Amino acid sequence: MSTAPLNDRLADLAREHTTLAGALGVIVVAVAYSSTGLLGALTGIVLIGIWMVSPPIVVFFLGQTLVIVFWPDSPLSSLWLVETGLFAILAGSLTAGRTPLVSLGSYVIITGFLLGITGYTYQITGSLLKPTGVLIVTTGLFAYAFHRYELVTLDLIPDQ
Amino acid sequence: MQVTRVYWAIVTAGVFLATLSVLFDRPVFLVGAVLVGAFLLSQQYRFIRDLTHLDTTLSITQELSTHRPRTDEPVLVTLSAHRPNPSPLDLTITSEPPVITTSGPQNERTLHLGTDDTRGELSYQLQSGVAGAATVPPPLITVTDHTGLFTETLSRGAELELVVTQRTPRNIHIGEGGQDVSVFGDQTTGRLGTGLIPDSIREYVPGDASSRIDWNVTARLNHPHVREYETETDRMTLLLLDHRHTMTTGINGETKLDYARSIALAFLNTTRTEHVPIGLKTIGTDGLTHNIPVSATNTQYSLIETTLTTLDTTPNSDHPSPMSVRTRPADARRTAGILSSDDSAFGTTLHPYYDTLDPYIHLIESDPLFAAAKQLTTPQPGSLWTVLITDDSHKPELRETVSLAIDESAHVLVFITPTILFEPGGLSDLDTAYNTYLAFEEFRRELGRHEHVTAFELAPGDRLDALLAAHQHRAQHARGATQ
């Protein structure tokens with residue numbers, strides 16, 4: 001039985017799941033960055049180092065925001081490799097649970113759904129403002145629906 | 001489900017990416033925001049799945065070493081948890097003691113099950129300084145996702161009943177003038193024999209328990225005699241129990257009220273065994289605190305038992321009992337007669353106050369014990385046995401109460417706790433203590449002289465024995481010195 005304080009464990013747990021999918025993902029991102037030159041290669045190596053000691057979401061965030069530095073004008077279609085790697089980094093942290101395939105499947109499905117709805121909105125409107133709003137609202141609604149589902153399933157709704 | 005700061009940090013990162021996509025007009029950041037949103041929703045879905053699975057497989061057991069402890073008696077609480085397989089969820093299971101109890105700090109009552117742990121157990125102690133019924137709620141389980149994004153608090157396991165009862169005295173003496181009297185037949189307290197009411201005297205025959213020998217009769221008739229007890233079933237018993245502040249006197253667990261409670265419980269047990277209807281009136285500082293009508297149902301016996309075991313003394317009133325400073329009606333009449341022939345300013349002034357006894361009657365009626373006795377009514381005249389249990393702190397009131405109770409009862413049993421035998425340090429001055437006890441005994445005999453009234457002293461046997469033995473020793477020593 002563990003006796004370590006819960007808060008200390010939370011910090012440790014964030015780094016525990018250096019899974020195979022995550023490793024492949026960060027390597028793909030590093031390769032993609034290396035294709036931009038020496039500075040990109042160094043950035044890729046730094047990202048791998050960060051991935052080994054930090055939660056995957058940190059590497060994802062850095063890898064995503066640095067795109068603006070290394071691919072300032074590239075269209076989305078030319079960034080599929082780095083986005084795939086970033087997708088795999090997040091997917092890797094979902095494979096450590098009790099039912100990794102279900103988790104991974106849900107991630108793929110939800111990603112596809114959100115990409116579809118935002119992409120469709122973007123095609124219709126031609127601007128990024130409305131798809132962003134649609135994404136935030138849709139994600140919020142889903143999160144609330146999950147929350148209510150949990151309360152009902154576990155009978156946690158207080159008596160009126 | 002509650003989300004953590006880590007969750008909000010990731011949400012902020014996603015919103016930041018979405019903002020970048022709008023500011024720089026770069027769809028790639030919107031894709032990043034989509035991946036973040038999908039990641040959070042997937043983690044939430046997984047947490048719910050794991051939590052639902054845990055809820056169906058987790059076994060929580062909480063047990064008490066006893067459900068009916070005495071006050072200040074430690075109760076061992078054992079909390080154990082078991083899940084068949086490791087889980088990605090951390091569990092923090094906390095046992096919540098009832099409000100009336102005290103226990104150690106929360107970390108001593110908290111069980112941690114990490115993701116790899118399937119079983120855990122802890123024990124801790126709780127205790128209560130006050131009597132009462134309470135519920136030990138189910139343990140609180142705080143579930144945390146191993147990624148630190150979500151937590152949930154559940155209440156699982158059985159609710160446990162805890163009834164804290166007062167400590168009972170160990171050495172109860174029931175008697176008359178220092179002599180034990182077998183009020184309940186074979187036993188004096190606790191679980192009772194087959195009888196309750198003294199019925200007849202017969203000669204001792206081999207096989208009779210020696211405790212049933214009536215020594216007073218034996219001494220008088222010069223041959224062992226035992227007392228028989230009747231077991232009427234049409235009899236009704238009403239307990240009048242005084243739990244005013246004066247009943248607090250005594251050391252912890254052996255106060256006057258503890259003794260009174262013991263005798264009341266003994267009556268209850270007897271009546272329960274014999275299926276005799278019984279009722280209970282408890283008298284506090286401001287009047288009746290419980291009024292349970294006479295009945296013979298199992299619920300009734302349980303209700304009275306719970307009431308008795310959880311009964312505590314009521315706070316002292318700011319005003320002294322009016323009866324405690326009053327004279328008896330006979331004394332008042334005598335004084336009024338004297339004052340009527342007194343022409344002095346003193347006699348003239350005081351005479352009107354003694355001229356009428358009405359104020360006295362009003363004062364009596366305002367006294368809680370007397371008021372309770374006044375409410376005695378029975379549908380079957382002559383079948384009610386009134387058991388009055390009180391102390392000697394309110395003698396005039398008790399005297400009038402007994403007189404009143406006789407009118408509605410076939411018999412009145414009075415159990416009086418002498419204050420001198422309960423006061424800590426009360427026996428330090430033996431002469432004073434003995435004289436006080438003699439005054440008490442005189443009062444008890446006075447009550448017992450009423451027809452259909454039997455008055456007993458109810459006291460710690462060891463202290464009474466010590467007082468009588470010390471006095472006897474002194475008397476012998478004094479006689480030896482004069483010879």
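**Close-up views of strand β21(B) and of the contact between chains A and B**

**View 1. Strand β21(B) and its parallel neighbour β20(B).** In β21(B), the residue that forms the bridge partner of B:I416 is B:E457. The model shown here is predicted, and in this model strand β20 (residues 411-417) of chain B is joined to β21(B) by five bridges, the two strands running parallel. Between them the chain passes from β20(B) through helix α11 (residues 430-448) of chain B to β21(B), a β-α-β crossover that is right-handed.

**View 2. Strand β21(B), its antiparallel neighbour β12(B) and its enclosure.** Strand β12 (residues 172-176) of chain B runs antiparallel to β21(B) and is joined to it by four bridges; at one position of this pairing, B:I172 stands opposite B:P460. Because eight of the eight residues of strand β21 (residues 453-460) of chain B are buried, that is, under 20% relative accessible area, the strand is largely enclosed by the rest of the structure.

**View 3. The contact between chain A and chain B.** Chain A brings 55 residues to the contact and chain B brings 57 residues, and the area buried between the two chains is about 5,000 Å², with carbon and sulfur atoms giving 72% of it. The rule finds zero salt bridges across this interface, whereas eight residue pairs, both at pLDDT 80 or more, are found in polar contact.

**View 4. The helices on the side of chain A that touches chain B.** Across the interface with its eight residue pairs in polar contact, the helices of chain A that each supply at least two residues to the side touching chain B include α1 (6-16), α4 (56-65), α7 (100-125) and α8 (129-153). The largest share of that side, 13 residues, comes from α8(A).

How values were computed:
Residues are numbered from 1 along each chain as its sequence is written. Chains are lettered from A and ligands numbered from 1 in the order in which they are written. This is a predicted model: local features need pLDDT of at least 70, side-chain atom pairs count only at pLDDT 80 or more; totals for chains, interfaces and linings use all residues. Side-chain values use heavy atoms; hydrogens and water are left out. Buried means under 20% relative accessible area, exposed over 50%, partly exposed in between (1.4 Å probe, protein chains only). Two strands pair if DSSP finds at least two bridges between them. A crossover is right-handed if, with the strands pointing away from the viewer, the path from the first strand over the helix to the second runs clockwise. Contact means heavy atoms within 4.5 Å. Buried area is the accessible area (1.4 Å probe) that two parts lose on being put together, summed over both. A salt bridge is a side-chain nitrogen of Lys or Arg within 4 Å of a carboxyl oxygen of Asp or Glu. A polar contact is a pair of N or O atoms within 3.5 Å; within protein, one must be able to donate a hydrogen and the other to accept it, and residues adjacent in sequence count only if both atoms are side-chain atoms.
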